[in-house]
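Q: Could you take me through a close look at one single part of this structure, after a short view of the whole chain? I am new to it, so please go step by step.

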Amino acid sequence: MKKIVSLILLLAAAAVPQFAEASVDTARSACVINAATGDIVFEKNAEEQLPMASTTKIMTAYTALKNSELNDVVTVSMNAQQQEGSGMYIAAGEQFYMEDLLYGLMLNSGNDAAVAIAEHISGDAGKFVDLMNQTAWEMGAGNTMFCNPNGLPNPSHYTTAKDLAKITMNAMKLPEFRKIVSSRSRTVWQAPKQTAAGTEVPQKAYELYNHNKLLGTYDGAVGVKTGYTEAAGRCLVSAAERDGMTFIAVTLNDNDDWNTHVQLLDAAFAEHHPAKLASKGEVIKEFMLDGKKYTFSADRDCVIPLKDNAKNRINASIHITPELPVPVNRGEKVGYVEYSSGGNVYASVDIVSDSDITGVGKYRLKNSFYEIWKNVWDFFLV
């Protein structure tokens with residue numbers, strides 16, 4: 001069942017700092033997006049196709065997480081071992097859990113880990129690259145072409161700052177990806193091997209360190225990936241979160257990328273404030289069943305950044321199963337709310353039952369939307 005509730009948020013206009021062109025003088029291309037909505041808040045040559053070096057590995061990791069299990073055991077090939085450039089420095093015949101190779105991929109920028117991952121999932125790196133391209137195009141990154149999973153130079157290997165921001169936005173929605181790219185260091189081990197007698201053989205440890213200097217130095221930094229080749233120059237994708245707001249910044253070919261990203265992210269936070277769409281435990285639906293009152297609530301907080309001087313129309317689209325199968329357990333999902341504007345879905349929040357509902361069969365619910373109107377109308381002040 002679907003109902004649409006529309007409202008207009010009138011946010012007071014305020015004098016806010018603007019993005020300064022001087023902050024991106026050193027970047028060939030740049031883009032900053034609102035990670036909740038996908039809206040572009042700053043761009044410079046954002047649709048110019050350019051090489052992106054090891055920021056390629058954002059797509060590699062996303063594709064791997066979508067097509068494998070973290071506890072998959074991956075055997076390293078000689079081809080993976082022989083990859084040039086930055087590495088995890090793994091050897092042919094060694095075995096690792098997929099999760100540990102993903103840390104080696106994103107922290108150490110392991111070109112060898114990228115190929116080991118690709119070969120495990122698709123049989124060879126070329127087929128995995130086809131999967132990367134298909135996945136990128138399906139998410140709307142149509143000006144991107146991958147020729148390898150690690151970002152080594154190739155004239156036909158390119159992206160745009162806008163596409164790379166979009167790819168990163170999708171990747172950051174995966175909790176495991178977010179956990180990996182926000183980690184400053186990690187110790188991983190080869191997968192354990194057992195002797196014929198059933199005892200485990202001690203394995204070699206690998207110490208991994210994230211190349212992203214913003215982690216631990218920039219307030220709210222949560223990722224994402226560095227990259228450099230002579231052809232691509234210095235490339236950087238960063239993400240930062242404050243007060244529930246997350247912004248993603250991308251620069252391609254920028255020899256002062258650390259300072260550029262600090263200025264871009266600072267400007268993004270200065271021009272937005274957190275708008276709360278839902279609060280965890282906030283009642284969305286209440287009803288009587290067999291003489292007893294029940295409630296359904298939002299299962300999490302939901303905050304998006306909005307500009308202080310903007311008018312925004314947010315639609316709350318409520319989806320609750322009209323015929324409720326019982327029994328229902330406390331905390332069980334019974335529907336969801338989508339928040340959107342202009343056809344773009346900004347966020348989705350699950351609706352869960354606040355208590356156990358016993359009985360047999362199905363009950364038809366008469367839906368009242370007074371509660372969701374109240375909740376949405378009040379969201380714009382956190």
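A: Accessible areas here are obtained by the Shrake-Rupley method with a 1.4 Å probe. For this protein, which is a predicted model, the accessible surface comes to about 17,100 Å², and carbon and sulfur atoms account for 48% of that surface. Of the 382 residues in the protein, 53% are buried, and the secondary structure consists of 9 helices and 21 strands. Among contacts with a separation of 6 or more, 65% join residues that lie 24 or more positions apart.

The part chosen for the close look is Met145, which sits in the loop between α5 (125–138) and α6 (161–171). Met145 counts as partly exposed because its relative accessible area is 25%, a value between the limits of 20% for buried and 50% for exposed. Leaving aside residues up to four places away in sequence, Met145 touches Met52, Asn133 and Trp137, and also Ser156, His157 and Tyr158. Pro51 is 94 residues from Met145 along the chain, yet the C-alpha atoms of the two are separated by 9.6 Å.

For the buried interior, another methionine can be set beside this one. Met106 is among the residues with the most contacts inside the largest nonpolar core, which has 63 residues, and Ile58, Leu101, Leu102 and Phe177 are named with it. A second, separate core has 27 residues, including Leu306, Val337, Tyr346 and Ile351. Beyond residues up to four places away in sequence, the contacts of Met106 include Ile58, Ala61, Phe177, Ile180 and Val224, as well as Lys57 and Asn210.

Notes:
Residues are numbered from 1 along each chain as its sequence is written. This is a predicted model: local features need pLDDT of at least 70, side-chain atom pairs count only at pLDDT 80 or more; totals for chains, interfaces and linings use all residues. Side-chain values use heavy atoms; hydrogens and water are left out. Helices (H or I, at least four residues) and strands (E, at least two) are DSSP runs, numbered from the N terminus. Buried means under 20% relative accessible area, exposed over 50%, partly exposed in between (1.4 Å probe, protein chains only). Contact means heavy atoms within 4.5 Å. A nonpolar core is a set of buried Ala, Val, Leu, Ile, Met, Phe, Trp, Tyr and Cys residues joined through side-chain atoms within 4.5 Å.
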